[in-house]
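Thanks for asking me to look this one over. Here are my notes, set out as numbered points you can follow with the model open beside you.

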Amino acid sequence: MLTDSREPVAVAIDGPAGSGKSSVSKQAARRLGYGYLDTGAAYRALAWHVLSRGAETADADVVVAATEDFDYAISLDPDRYWVRVGETDVTDAIREPRVSAAVSGVARVPEVREAVNALFRSLVAAADAPGVIVEGRDITTVVLPDAPVRILLTAAPEVRAARRSAELSGEDAGAVAAALHQRDASDAKVVDFLNAAPGVTVVDSTELDFAQTVDAVLDVVRAGTGAHRDR
């Protein structure tokens, strides 16, 4: 598929929680000299925005109203990552447990998803890089269905749970696995991130380590874009 050379190449990556989307996408972006867009950060930032007002994301009307003054900005530089709402740096705050627990309430609102998806497309189009790796949920099917490279990055549930547990030192492995399963079940009500749509390449990292997974993703990107060398 030919791409418009005047705009950055879009690489869409979907996958379930604990599949390594963020770390793998970020490293692949570094290797290619591409930008990196964490789409989940926008939903987290909006959840933070709602909570900062003393409201709850369970109320869809409140969530929609909060989008009216949602002044969102995010870095696409994989080595200088930050997220802001207005003048407030929320890079760390949006990872707090209270925000994580509220994200699904934001993501399930159709009006919010439509607005945020349009934001993602505009960020990619305006990127100062030859390409942007965009990772999250429904990226390959809704956000960027026409991207020249679309990947579903996945792994067996028990492997994903083990990896997530290793990332969260001090957390009970069983509790981490349960939380991951619960998030998958909740998010699956909104989008299908476990099955590859037609034209989407599956990268299963169950038997791969981190470096091998990055290489597998890069192979797909190079095949789809004609990129040959790392930066």
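1. Let's begin with the overall make-up. The chain contains nine helices and eight strands. Please keep in mind that this is a predicted model, so treat the numbers below as computed from it, with residues counted from 1 along the chain.

2. Next, the chain as a whole. Of its 231 residues, 47% count as buried. Among contacts in the chain with a separation of 6 or more, 76% are between residues 24 or more positions apart. The exposed surface comes to about 11400 Å², and carbon and sulfur atoms supply 50% of that area.

3. I would look at the five-stranded sheet early on. This open sheet has the order β2-β6-β1-β7-β8, and its pairing is parallel. At the edges sit β2 and β8 (201–204), each of which pairs on one side only. Direction ignored, neighbouring strands of the sheet are turned by 25° against each other on average.

4. For a closer view of one pairing, go to β2 and strand β6 (residues 131–136). These two strands pair in the parallel sense over four bridges. Here Tyr-36 stands opposite Ile-133 in β6.

5. Which helices go with this sheet? Helix α1 (residues 21–32) lies across β1 (9–14), β2, β6 and β7 (149–154), and runs at about 175° to β6. Helix α9 (residues 210–225) also packs on the sheet, where it touches β1, β7 and β8; its direction makes about 160° with that of β7.

6. Then there is a three-stranded sheet. It is open, ordered β3-β4-β5, with antiparallel pairing. Its edge strands are β3 (72–74) and β5, each pairing on one side only. Two bridges join strand β4 (residues 83–85) to β5, and the bridge partner of Val-85 in β5 is Thr-88. Helix α2 (residues 40–52) lies across β3, β4 and β5, running at about 35° to β4.

7. Helix α4 deserves a look of its own. Its buried residues are Val-99, Ala-102, Val-103, Gly-105, Val-106 and Ala-107. An α-helix has 3.6 residues a turn, so residues three or four places apart point the same way. The cover over the buried residues of α4 includes α2, α3 (60–66) and α5 (110–125).

8. On to charged pairs: the structure holds eight salt bridges. One of them joins Arg-95 to Asp-38, with the closest N and O atoms 2.8 Å apart. This pair links distant parts of the chain, since Arg-95 is in the loop between β5 (88–89) and α4 (97–107), while Asp-38 is in strand β2 (residues 35–38), 57 residues apart. Is Asp-38 buried or exposed? Asp-38 counts as buried because its relative accessibility is 6%, under the 20% cut-off. Its partner Arg-95, at 40%, counts as partly exposed.

9. Two further salt bridges are worth clicking on. Asp-77 pairs with Arg-80, the closest N and O atoms being 3.3 Å apart. In that pair, Asp-77 is partly exposed at 28% relative accessibility, whereas Arg-80 counts as exposed at 58%. The side chains of Glu-96 and Arg-98 also meet in a salt bridge, at 3.2 Å from N to O. Glu-96 is partly exposed, with a relative accessible area of 33%, and Arg-98 is partly exposed too, at 43%.

Key
Predicted model: local features only at pLDDT ≥ 70, side-chain atom pairs only at ≥ 80, totals over all residues. Heavy atoms only, no water. Buried < 20%, exposed > 50% of the residue type's maximum accessible area, 1.4 Å probe, protein only. Contact = heavy atoms within 4.5 Å. Areas by Shrake-Rupley, 256 points an atom, 1.4 Å probe, with all protein chains shown as cover. Salt bridge = Lys/Arg side-chain N within 4 Å of Asp/Glu carboxyl O. Pairing = 2+ DSSP bridges. Axes fitted to C-alpha atoms, helices over the stretch in contact; angles between N-to-C directions.
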